[in-house]
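Visitor: I have just opened this model and would like someone to walk me through it. Could we take it piece by piece?

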Amino acid sequence: MLIEVLGVAHFVDESKIKVVSGKGGNGCVSFRREKYVSHGGPNGGDGGRGGHVVLVADPQITTLLDIGRQFLYQAGNGQHGMGRDRSGKSGKDLRLRLPVGTLVRDAETNELLADLDQPHLELEIARGGRGGRGNHAFATAVHQVPREAESGGPAEERELHLELKLMADVGLLGFPNAGKSTFLSAVSAAHPKIADYPFTTLAPQLGISEIDDVRRLVIADIPGLIEGASDGVGLGLEFLRHVERTRVLIHLLDPFERDLEALVADFRVIRKELAGYSATLADRPIITAINKVDLLPPDEAQELLGAFSAAIDEPVLGLSAATGQGTRGLLERCWEALRASADELDGTGSGETG
């Protein structure tokens, strides 16, 4: 989890909070005391219900930073009933707005309560207490002067563990300095931090790449993985969860000062980490590309691509994120993979890929 440092908002993807609904208002015991009315009857009103706590998936929110600034969130209590058959007001509902892609778990049992994977999805997570009935509700032909009323229902309390998984079409994978941030900034309006030292990306970055007027891709730059990430080494484990929400992966490799044998070893390490984290990731469509081919003579780059493709037994693209060479072709391949994925799901897909 990353927090706010020196006034700069950083990505926060986990928070623990407590939510409490409102108590129901008590019913009222009251009798008519009106001038010229010889026999007053019961007129105690009902209490109002307590406010509910509702979770809302808001596409305008991108982190759990704000929600994590406080621990306790409480809805309003119901108002007590009053005389003259006046009911108490219901407590005000509390609507907590969370990023799309938030997993909501019970903090004690770790039970998954909700997956807010669609914009504007709502979940009533804690129900307000019911309002108690006033004594007017207990009057009968044989019990005309009831002196009883109900207490309001209790509030519900829950401790929640919130975990955010990015919602994106395409995820970028690779070792630190493979050029993922440069690629994202080249094909979208995102401006991730770029430098020539490991772990430049400390938090996932999202960018939207417009292939043309009607086709666009949401791309997530996942922080660089290292060997052992699926066992908790380095930064990778904390952010591997975001890969699970992407439908297509791009695996970028850096050929600089790496021979064929070293590149193949790099390739296998990343694939091993994905499979070690989640078996489903091993079957996710992955497009492999060697970045920074502009640093190699053209003939040498083509020879490397051919030899590497043969060594791993799958197609490999060559590109240069710095110059833009090959980026359009990679985006087209991603679009084709997304369309194939949508066909497998009976034509359904994300809103971004239309």
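**Starting from helix H1**

Guide: In helix H1 (180-187), the buried residues are Lys-180, Ser-181, Phe-183, Leu-184 and Val-187, where buried means under 20% relative accessible area, exposed means over 50%, and partly exposed lies in between, with a 1.4 Å probe and protein chains only. Viewed down the axis of H1, these buried residues fall within an arc of 160°, so they line one face of the helix; the arc is that of the directions from the helix axis to the C-beta atoms.

Visitor: Before we go on, what kind of model is this, and how are residues numbered?

Guide: This is a predicted model, in which local features need pLDDT of at least 70 and side-chain atom pairs count only at pLDDT 80 or more, while totals for chains, interfaces and linings use all residues. Residues are numbered from 1 along each chain as its sequence is written, and side-chain values use heavy atoms, with hydrogens and water left out.

Visitor: How many helices and strands does the protein have?

Guide: The secondary structure comes to five helices and 14 strands; helices (H or I, at least four residues) and strands (E, at least two) are DSSP runs, numbered from the N terminus. Of the 354 residues of the protein, 47% count as buried.

Visitor: OK, what about the loop just before H1, where Ala-178 is found?

Guide: Ala-178 is in the loop between E9 and H1, and at 2% relative accessibility it counts as buried. Leaving out residues up to four places away in sequence, Ala-178 touches Leu-252, Asp-254, Asn-291 and Lys-292, contact meaning heavy atoms within 4.5 Å. Ala-178 and Asp-254 are 76 residues apart in sequence, and their C-alpha atoms are 4.9 Å apart in space.

Visitor: You mentioned Lys-292; is that one buried, exposed or partly exposed?

Guide: Lys-292 is partly exposed, with a relative accessible area of 21%, and is found in the loop between E13 and H4. Lys-292 also has a positive phi of about 65° although it is not a glycine. Most residues other than glycine have a negative phi.

Visitor: Where does H4 run, and which of its residues are buried?

Guide: Helix H4 covers residues 298-312, and its 15 residues reach 21 Å from first C-alpha to last, close to the 21 Å expected at 1.5 Å a residue; the expected span is 1.5 Å times one less than the number of residues. The buried residues of H4 are Ala-301, Leu-304, Leu-305, Phe-308 and Ile-312. Seen down the axis of H4, these residues fall within an arc of 100°, so they line one face of the helix.

Visitor: And what covers that face, and what is on the other side?

Guide: The cover over the buried residues of H4 includes strand E12 (248-253), helix H3 (260-277), strand E13 (286-290) and strand E14 (316-318). On the other side of H4, Asp-299, Gln-302, Glu-303 and Ala-310 are exposed. Just after H4, Asp-313 takes a positive phi of about 60°.

Visitor: Let's switch to the inside: which residues have the most contacts in the largest nonpolar core?

Guide: The largest nonpolar core has 22 residues, and those with the most contacts inside it are Phe-183, Leu-217, Ile-219 and Ile-250. Such a core is a set of buried Ala, Val, Leu, Ile, Met, Phe, Trp, Tyr and Cys residues joined through side-chain atoms within 4.5 Å. H5 gives the most to this core, with six residues.

Visitor: What does Ile-250 touch?

Guide: Not counting residues up to four places away in sequence, Ile-250 touches Val-170, Gly-171, Leu-172, Leu-173, Phe-183, Ile-287, Leu-330 and Cys-334. A second, separate core of 21 residues includes Leu-55, Ala-57, Ile-67 and Ala-126.

Visitor: Since Cys-334 came up, how many disulfides are there?

Guide: A search of the whole structure finds zero disulfides, a disulfide being a pair of cysteine sulfur atoms within 2.5 Å. Cys-334 is buried, with a relative accessible area of 0%, and Cys-28 is buried too, with a relative accessible area of 15%.

Visitor: One last spot: where is His-120, and is it buried or exposed?

Guide: His-120 lies in the loop between strand E6 (112-116) and strand E7 (122-126), and it is exposed, with a relative accessible area of 58%. His-120 has a positive phi of about 70° although it is not a glycine.
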